[in-house]
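These are my notes from an afternoon of looking things up in one model. I wrote each entry as I went.

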Amino acid sequence: MDNDHYVCTGCALLCDDIDVGLEDGKVAKVHTACRKGFAFMKGCSNPLGCMVNGKRADMDSAIREAADILRSAERPLIFGHANSSSAAQKKAIGIARKINGYIDDTSSFCQGPMVEAILEGKLKTCTLDDVRHKADVIVYWGADPANSHPRHMSRYSYFPRGKERQRGWEEDRTAICIDVRKSDTAEICGENGLYQIPVKGDVEFMDALVSALSGKIPKTSYDFDKKRLLELANILKKAKFGVIFAGLGMVYALDDREPLYRLMDKLNSVSNFHLIPMAGHYNMRGFNQNLFEETGYINRVKFSGAEILHGPEYSVVEALRQKTVDAALVIGADPLTSLPRSVVRYLEEIPLIAIDPCQTLTSVKAKVTIPCALVGVESGGTAVRMDGVEIGLKQIVETDRLSDEEVMTRISEAL
Ligand code: SF4
């Protein structure tokens, strides 16, 4: 990132070439970003400010009340983090340890299995810069970056020129889409680029590819065209630098990671393949890495004295479904909007603290609401891109709101 450019925190691509125009101390124009990033960087607010029990409150009272809730709870939960700075995430982990709390994030029900496998060294990965400079075969599997990460294909994967890919797309790269539908990304991959499989057909497709890569006849119960499967295996085999971008379509289709390990092992015995999880929110991977460094786990943790407990029962979904927590602090997430009502209804029955720059359904329903600065616009810090690279974020405009790190520090001190 050079001095004149900023980073967009609209998604986990963290584009670092953003140019902004200011008017009256606010971001008025955003150049270079996609429409999603533009909307994000224009900012958001919570017009109500700090709230306690449905009434306006000052920051000191809100912090005090939040600390009281966490101190009095027997089994508090801290959840969210995907839209928080890395410094705030580390503070949240420290608070969870201090109060013997549960701590979990959005990866618990999305890209967690992929990030976990990478951090445990079970899947070969690379950076987006490697992809731009070297990749000649790019597989979007259950992923639609044309919509989820709008500048992914133009900035890092298919279209750009790179050191070893001077001619960029089509001439120097082959793009393949494996999906259950003809997505916008599939359209870009071209007439023969889409390998359309049935819902939950991923495991059989992986095993059929392993067969084809081993010189055997590939078979699927849904009779996928064998000739096309053999052709695909041939493309993958010839790759000098291949990458699979694993989307949620793939993650949700796998009951466990063994079929993916089989495929990656086979690919790397005949070729050179890497995998990058298509993390959505800008710093989900940062939370995973921070918690992993602290506990050896990426999510679903409960602190209990010197012990660190880990398992599905400590996931946000199970903790709320089983009603095993008795208070919650949500930071950088809006579970009341993003999770099923049957799961999150319980959040309205327990003392809830919401820390977020925007007014969300969760912040409206919370007992204590503390609006914080918008990271990457009103406060700086660092975040971790979808490929594990740490990116520095600069403050663009002044604000009187505290940063998310400062809010968490003050709650920690008040405990
Ligand atoms: Fe922002 Fe993502 Fe768009 Fe890049 S692709 S400008 S990070 S929203």
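Which residue is the bridge partner of Tyr-102 in β12? I looked it up and found Lys-302. I note here that the model is a predicted one.

**Entry 1: strand β6**

I stayed with β6, which covers residues 102-105. β6 and strand β12 (residues 301-304) are joined by two bridges and run antiparallel. I then turned to strand β5, residues 76-80, which is joined to β6 by four bridges and runs parallel to it. For Ile-78 I found Ile-103 as the bridge partner in β6. Between these two strands I looked for a helix: β5, helix α3 (residues 86-98) and β6 form a β-α-β unit, and the unit is right-handed.

Are the residues of β6 buried or exposed? I found Tyr-102 and Asp-104 on one side and Ile-103 and Asp-105 on the other, all of them buried, so both faces of the strand are covered. I wrote a reminder beside this: side chains in a regular strand alternate between the two faces of the sheet.

**Entry 2: the whole sheet**

Next I wrote down the strand order. The sheet is open, has nine strands and mixed pairing, and reads β4-β3-β16-β15-β14-β5-β6-β12-β13. At the edges I found β4 (55-56) and β13 (307-310); each has a single partner strand, so one side of each has no neighbour in the sheet. Another reminder to myself: strands of a sheet pair through backbone hydrogen bonds, either parallel or antiparallel.

**Entry 3: strand β14**

I picked β14, residues 327-331, and checked its burial. Five of its five residues are buried, so the strand is largely enclosed by the rest of the structure. Ala-327, Leu-329 and Ile-331 point one way, while Ala-328 and Val-330 point the other way.

I then checked the partners of β14. With β5 it is joined by five bridges, in the parallel sense, and Phe-79 stands opposite Val-330. With strand β15 (residues 352-355) it pairs over four bridges, also parallel, and here Ile-331 stands opposite Ile-355.

**Entry 4: Thr-369**

I chose one residue to follow, Thr-369 in strand β16. Strand β16 (residues 368-370) pairs with strand β3 (residues 51-52) over two bridges in the antiparallel sense, and Thr-369 is the bridge partner of Met-51.

Why is Thr-369 called buried? I counted it as buried because 27 other C-beta atoms lie within 10 Å, and the cut-off is 20 or more. Leaving out residues up to four places away in sequence, I listed its contacts as Cys-50, Met-51, Ala-354 and Ser-363. I also looked up Asp-19: Thr-369 and Asp-19 are 350 residues apart in sequence, and their C-alpha atoms are 32 Å apart in space.

**Entry 5: the domains**

The domain assignment gives domain 1 as 48-108 + 287-373 + 403-414 and domain 2 as 112-277. I read off 36 Å between their C-alpha centres. Seven residues of domain 1 and four residues of domain 2 take part in the contact. On the domain 1 side I noted two nonpolar, five polar and no charged residues.

**Entry 6: the ligand**

Last, I listed what surrounds the ligand. There are 13 residues around it, and Cys-8, Gly-10, Cys-11, Cys-15 and Gly-37 come nearest. Sorted by class, I wrote down eight nonpolar, three polar and two charged residues for this shell.

Note on methods
Residues are numbered from 1 along each chain as its sequence is written. This is a predicted model: local features need pLDDT of at least 70, side-chain atom pairs count only at pLDDT 80 or more; totals for chains, interfaces and linings use all residues. Domain bounds come from an automatic or database domain assignment. Two residues are in contact if their C-beta atoms, placed from the backbone, lie within 7 Å. Ala, Val, Leu, Ile, Met, Phe, Trp, Tyr, Cys and Pro count as nonpolar, Asp, Glu, Lys and Arg as charged, and the others, Gly among them, as polar. A residue is buried if 20 or more other C-beta atoms lie within 10 Å of its own, exposed if 12 or fewer, and partly exposed in between; C-beta atoms are placed from the backbone. Two strands pair if DSSP finds at least two bridges between them. A crossover is right-handed if, with the strands pointing away from the viewer, the path from the first strand over the helix to the second runs clockwise. A residue is near a molecule or strand if its C-beta atom, placed from the backbone, lies within 6 Å of it.
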